[in-house]
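This report describes the strands, helices and a few single residues of one protein chain. Please have the sequence and the structure at hand while reading.

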Amino acid sequence: MLATKIRHALAPCSLATWPTPLEEHPALARALDLQALWLKREDLMGGNKVRGLEFLLSTAPARSVVVTIGGTGSTHCLATARHARARGLRTAVALFPQAETDASRTVESATAATADRMFRASRLWTFPWTVVRAWRAAHHLGPGKPRWIAGGGAEPRAVIGHLLAALELAHQLPAPPDTIVVPLGTGGTAAGVALGIAWLGWSTQVIGVRVAPRIAANRWRTLRLARGAAALLRRAGVEFSVPHAAIKLQVVDAMGRGYGHPTPAGESARALAAEHGLHLDPTYGAKAFSFFMRRADVTVQRAVFWHTFAWP
């Protein structure tokens, strides 16, 4: 079994219980004029970032310090701080300002209470200096050189965690869906899903709904992460052959006027989802879910929605 071989070769740590549930929502599907809709409940295990952190934190030496970055509402920074602390590691995080919402304020407050050091830039143009401050502080928090984790955990090693999530679908679905919808921020989750679907040989269309600036959230960068993860597996001795052309991703834009800013389409989607018991955040989930309400150019009948946001 591929998942077992991957875990044996790369030895990730254990931060949650897998697989995450796949829930069918027929009433919500009817409201969206879909034949079937499933939710991949990554939120129930602490959010999608936990999968990547299992692979990233496993390589951090004991008592070392982890440095990472994100927006003030970054669930990646919060998850990193929480799980690093649970493993006896320390964290220094640098945050850039984003639009304030109830969700972002809640996440920022939780991060401040969990990270060993948190630095918040007052303006985007001061953020590089904020990162330097976090890196310097990390040198005083523990022995050895600090361990850097890219924003959003967007590294090939972390992508493998999301590949495993995609492989779970083969055991959870009666047949391949025609569409999988994933929020597209730094790209790690979408890269892993696209890579997994390619390995399964499904004709499923993976839709990455862009919720972050194009410099970070784009098709080229996401596919590069996927190819990097595939190469890492081969170097680790795992037989993993997927042609580059088989890894497919369609990107649609839903960011609106800026990262973290709620959009009218996203808020409409969030309201509809709430009527059916689905709680979405305005930065990722709501904007990604709005795809189902404005899919004029895409035929969708049987879809999976990647529910990534875990409320603190």
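The text below takes the two sheets in turn, then a helix and two loop residues. The model is predicted.

**The six-strand sheet**

Six strands make up an open sheet with mixed pairing, and their order is β1-β2-β10-β7-β8-β9. The edges are held by β1 (22-24) and β9 (250-253); each has a single partner strand, so one side of each is left without a neighbour in the sheet. From one strand to the next the twist averages 25°.

At the β1 edge, three bridges pair β1 with strand β2 (residues 36-41) in the antiparallel sense. Within this pairing, E23 is opposite L39 in β2.

Towards the other edge the pairing is parallel: strand β7 (residues 179-184) pairs with β8 over six bridges, and β8 pairs with β9 over four bridges. In the β7 and β8 pair, I180 faces V206 in β8. The chain passes from β7 through α8 to β8 in a right-handed β-α-β crossover. In the β8 and β9 pair, G208 stands opposite V251 in β9. A right-handed β-α-β unit is also made by β8, α9 and β9. Strand β8 (residues 205-210) is mostly covered, with five of its six residues buried.

**The four-strand sheet**

An open sheet of four strands, paired in parallel, has the order β5-β4-β3-β6. Here β5 and β6 (147-148) are at the edges with a single partner strand each, so one side of each has no neighbour in the sheet.

Seven bridges pair β3 with β4 in the parallel sense. T68 stands opposite V93 in β4, and V66 has T91 of β4 as its bridge partner. Between these strands the chain crosses through helix α4 (residues 75-86), and the β-α-β crossover from β3 to β4 is right-handed. Helix α4 lies across β3 and β4 and runs at about 160° to β3. Helix α5 packs on the sheet as well, where it touches β4 and β5, and its direction makes about 140° with that of β5.

Four bridges join β4 to strand β5 (residues 117-120), and the two run parallel. In this pair, R120 in β5 is the bridge partner of L95. With helix α5 (residues 102-114) between them, β4 and β5 form a right-handed β-α-β unit.

How many residues of strand β4 (residues 90-96) are buried? Five of the seven are, so β4 is largely enclosed by the rest of the structure.

The strand pairs described so far are set out here.

| Strand pair | Sense | Bridges |
|---|---|---|
| β1 and β2 | antiparallel | three |
| β7 and β8 | parallel | six |
| β8 and β9 | parallel | four |
| β3 and β4 | parallel | seven |
| β4 and β5 | parallel | four |

**Helix α1**

In helix α1 (residues 2-10), the residues L2, A3, I6 and L10 are buried. They cover an arc of only 100° around the axis, which puts them on the same side of α1. An α-helix has 3.6 residues a turn, so residues three or four places apart point the same way. The exposed residues K5 and H8 are on the face of α1 turned away from its buried side. The cover over the buried residues of α1 includes α3, α7 (156-172), α8 (188-200) and α9. Just after α1, A11 has a positive phi of about 50°.

**Two loop residues**

Is S64 buried or exposed? With a relative accessible area of 4%, S64 is buried, because the cut-off for buried is under 20%. S64 is located in the loop between α3 (49-56) and β3 (65-71). A polar atom of the S64 side chain lies 2.6 Å from the backbone oxygen of P61. Leaving aside neighbours within four places in sequence, S64 is in contact with L89, R90 and P143.

A246 belongs to the loop between α9 (219-235) and β9. Its relative accessible area is 32%, and A246 is partly exposed. A246 and A62 are separated by 184 residues in sequence, and their C-alpha atoms are 39 Å apart in space.

Terms used:
Residues numbered from 1 in each chain as written. Predicted model: local features only at pLDDT ≥ 70, side-chain atom pairs only at ≥ 80, totals over all residues. Heavy atoms only, no water. Pairing = 2+ DSSP bridges. Axes fitted to C-alpha atoms, helices over the stretch in contact; angles between N-to-C directions. Buried < 20%, exposed > 50% of the residue type's maximum accessible area, 1.4 Å probe, protein only. Polar contact = N/O pair within 3.5 Å; in protein donor to acceptor, adjacent residues only side chain to side chain. Contact = heavy atoms within 4.5 Å. Right-handed = clockwise from strand over helix to strand, strands pointing away. Arc of directions from axis to C-beta.
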